[in-house]
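This report concerns the aromatic rings of one protein and the pocket in its surface. The reader is invited to view the sequence and the structure before reading on.

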Amino acid sequence: MSDLADKLLEELNCKTVFTIHTGFGDIGIAESVVITWVIMAAVFAVSFFLGRNLKVRGGGKRQTVAETIVVSLDKLIGGMTGEEGKAYIPYLSSVLIFIGIANVIGLIGMKPPTKDLNVTAGLAVMSIILIEGAGIRKKGVKGWLKSFTQPIAIMLPINLMEVVIRPLALCMRLFGNVLGAFIIMELIKVLLPVALPVPFSFYFDIFDGLIQAYVFVFLTSLFIKEAIE
């Protein structure tokens, strides 16, 4: 158990990969940031490859793959946000792809950046800014402020608390599930022979990781839909 505790502390520890020296002080670049850059570069490279030389007619296999991905994401997320929330599909699609890759990247030996609380907190803050921004865009500043007093004025404190609770819930749900899966896998490795943890690894590293990406985007979409109603 002491080994497990040491591994858990190691997972929670945000290692500094390198330091950038500036005139205002040193900026430490954490391992989760570097891996996030790797994921971003990989997604950009794939997107550039699939999106080159698009044609209205007669597109090749590469264009077919690109169109299939875009249409599938539009249908999946569009069903969550509704007709009025279609403008937010590109952002939500990007978040879904990023979190999905981040959660399964441990299969190739990299530490998932979603094990860093700072990363999940950053994603949650961006989502809540988008949610509140969607409400302001739809209702105007006056209508958005008025929505905090609905259905009755006495609900104002609770509605204001939701602005803080929603990003906290998104952050801790994603972080807790990813870290929890790591702890369970380490316990399984201790209790079972070497070959038996493989199917559990498939579940926690792939299936559960993708499910958590979907849940994060689903909840963000749900909050956006509520904000623009």
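## Aromatic rings and the largest pocket

In this predicted model, the charged end of Arg62 lies over the ring of Phe49, at 5.4 Å from the ring centre. A second such contact involves Arg166, whose charged end sits over the ring of Phe223, 4.4 Å from its centre.

Rings may also pair with one another. A pair of aromatic rings is described by the distance of the centres and the angle of the planes. The whole structure contains 3 aromatic pairs; the table presents two entries from that search.

| Pair | Distance of centres | Angle of planes |
|---|---|---|
| Phe44 and Phe48 | 6.4 Å | 20° |
| Tyr214 and Phe218 | 6.1 Å | 15° |

Planes under 30 degrees apart count as stacked, so the pair Phe44 and Phe48, at 20°, is stacked. Both residues belong to helix α2, where they stand 4 residues apart, about one turn of the helix. Phe44 has a relative accessibility of 60% and counts as exposed; Phe48, at 51%, also counts as exposed.

The pair Tyr214 and Phe218 is likewise stacked, with planes at 15°. These residues are 4 apart in helix α7, or about one helical turn. Tyr214 is partly exposed at 33% relative accessibility, and Phe218 is partly exposed at 34%.

Helix α2 also takes part in the largest pocket, which has a volume of about 640 Å³. Of the 22 residues lining this pocket, Val43, Ser47, Leu73, Ser94 and Ile97 are the closest to its centre. Helix α2 contributes the most to the lining, with 10 residues. By class, the lining comprises 16 nonpolar, 5 polar and 1 charged residues.

Notes. Residues numbered from 1 in each chain as written. Predicted model: local features only at pLDDT ≥ 70, side-chain atom pairs only at ≥ 80, totals over all residues. Heavy atoms only, no water. 1 Å grid on protein atoms, 1.4 Å probe; cavity = no way out; pocket = protein on both sides within 12 Å on 5 of 7 lines; lining within 4 Å. Points joined across faces, edges and corners; volume = space filled by probe spheres on them. Helix = DSSP H or I, 4+ residues; strand = E, 2+ residues; numbered from the N terminus. Nonpolar A, V, L, I, M, F, W, Y, C, P; charged D, E, K, R; others polar. Phe/Tyr/Trp six-rings, centres within 6.5 Å; stacked < 30°, edge-to-face > 60°. Buried < 20%, exposed > 50% of the residue type's maximum accessible area, 1.4 Å probe, protein only. Lys NZ or Arg CZ within 6 Å of the ring centre and 35° of its normal.
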